[in-house]
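I opened my notebook today to follow charged side chains through one structure. Here is what I looked up, entry by entry.

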Amino acid sequence: MTVEYLARHDVPAREARSWPLPGSGATGARWNALLDTARRDIVIGRLAEAHADAVAITAELDRPGPEADELWGVWAARAPGAALRAEERDGAFRLRGRKMWCSGAGICTHALVTAEHGDGEALFTVPLAAPGVRVRPETWAGIGMARAATLTVDFDGAQAQWTGSAEQYLHRAGFWHGAIGVAACWLGGALAVAAPLYAADRRDLLWEADVGAVDAALYGARATLAAAAAEIDAAPADRAAARIRARRVRAVIEDAAALTLDRVGRSLGARPLAMDPAHAQRVADLTVYLRQSHGDRDLADLGHAVTRR
């Protein structure tokens with residue numbers, strides 16, 4: 001997939017730079033834009049979310065952010081057996097090592113990348129066309145989210161710009177606001193998966209029950225997203241509340257999306273999965289995308305937070 005491909009699908013770089021920032025008073029409009037983008041195309045939504053998050057992160061850290069003709073990723077995952085280090089010499093930084101789970105690898109022009117530095121981690125901006133960046137295309141075997149190019153990237157002395165310390169990056173209310181942006185995309189994907197259920201050529205009691213279950217779950221998810229946006233706009237800098245809120249919203253939307261996948265599959269059977277390639281791809285994409293959640297670990301973190309307030 002190329003940048004030209006993205007240009008034919010409502011380029012995130014073109015749209016996301018103009019979306020309201022989290023906590024700006026129009027957070028709901030930002031998340032609705034993400035939801036609508038993912039509803040049209042889950043993969044494009046995923047790339048748009050990362051680019052929009054990069055816009056927000058660089059704005060909050062008062063660092064140079066994406067230009068109009070650029071597409072940025074955010075590569076902050078940590079994985080066993082993959083270490084990335086930042087070497088500093090005379091105020092200049094170079095990255096060496098490996099980073100896994102890099103969405104948009106080979107597509108994005110830049111990425112915000114976390115790397116070990118000193119006794120901890122820091123955030124760096126990397127121009128991906130620079131020497132020393134090698135994408136490993138063989139590192140994604142699945143069908144779901146394949147077009148997002150979530151690949152492993154090797155860095156061998158790649159130039160990087162300091163963007164912020166780990167504390168500056170992670171200890172922001174905005175870190176948690178960004179986590180809800182991911183959930184908005186999950187919800188958009190779930191709405192797309194649900195569409196064939198509503199349009200099915202059936203009018204029996206079991207079909208109506210499936211529609212009712214999906215409709216209630218998605219309504220609840222949308223209401224939760226709207227309530228969270230209003231809360232953020234009322235107190236955008238409250239990090240403790242932001243952490244709890246993000247965990248709650250992600251849990252609610254993950255459950256709604258999982259119920260949608262299950263109910264649509266049970267109601268429509270194998271036929272659309274076997275004979276409707278667009279629907280089959282949406283189901284595969286959403287199934288993989290939801291695993292960006294850490295499941296019970298995230299619920300445990302929520303339980304820890306709410307019982308120790």
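Before the first entry, a reminder to myself: helices here are DSSP runs of H or I with at least four residues, numbered from the N terminus. I also keep in mind that this is a predicted model.

**Entry: glutamate 208**

I started with glutamate 208 and found it in helix α7, which spans residues 205-234. Is glutamate 208 buried or exposed? Neither label fits, because its relative accessibility is 43%, which counts as partly exposed. I then looked back along the chain to tyrosine 198, ten residues away from glutamate 208, and got 9.2 Å between the two C-alpha atoms.

**Entry: salt bridges**

Next I turned to charge pairs. Side chains of opposite charge can pair when their charged atoms come close. With a cut-off of 4 Å between a Lys or Arg side-chain nitrogen and an Asp or Glu carboxyl oxygen, I get a count of 18 salt bridges. I picked out a few to look at by eye.

**Entry: helix α7 to helix α8**

Which residue pairs with aspartate 210? I found arginine 263, with the closest N and O atoms 2.7 Å apart. This salt bridge links distant parts of the chain, since aspartate 210 is in helix α7 and arginine 263 is in helix α8 (residues 239-268), 53 residues apart. Aspartate 210 counts as buried because its relative accessibility is 7%, while arginine 263 is partly exposed at 22%.

**Entry: helix α8 to helix α11**

Helix α8 also holds arginine 247, and its partner aspartate 298 is in helix α11 (residues 296-307), 51 residues apart. The closest N and O atoms of this salt bridge are 3.2 Å apart. I noted aspartate 298 as buried at 10% relative accessibility, and arginine 247 as buried at 16%.

**Entry: strand β6 to strand β7**

How far apart are the closest N and O atoms of aspartate 154 and arginine 136? I read 4.0 Å for this salt bridge. Aspartate 154 belongs to strand β7 (residues 151-165) and arginine 136 to strand β6 (residues 133-136), with their positions 18 residues apart in the chain. Aspartate 154 is buried, with 12% relative accessibility. Arginine 136 stands at 19%, so I wrote it down as buried too, the limit being under 20%.

**Entry: a network**

Last, I followed that pair outward. Arginine 136 and aspartate 154 belong to a network of salt bridges that also takes in Arg98, Arg134 and Glu138.

How values were computed: Residues are numbered from 1 along each chain as its sequence is written. This is a predicted model: local features need pLDDT of at least 70, side-chain atom pairs count only at pLDDT 80 or more; totals for chains, interfaces and linings use all residues. Side-chain values use heavy atoms; hydrogens and water are left out. Helices (H or I, at least four residues) and strands (E, at least two) are DSSP runs, numbered from the N terminus. Buried means under 20% relative accessible area, exposed over 50%, partly exposed in between (1.4 Å probe, protein chains only).
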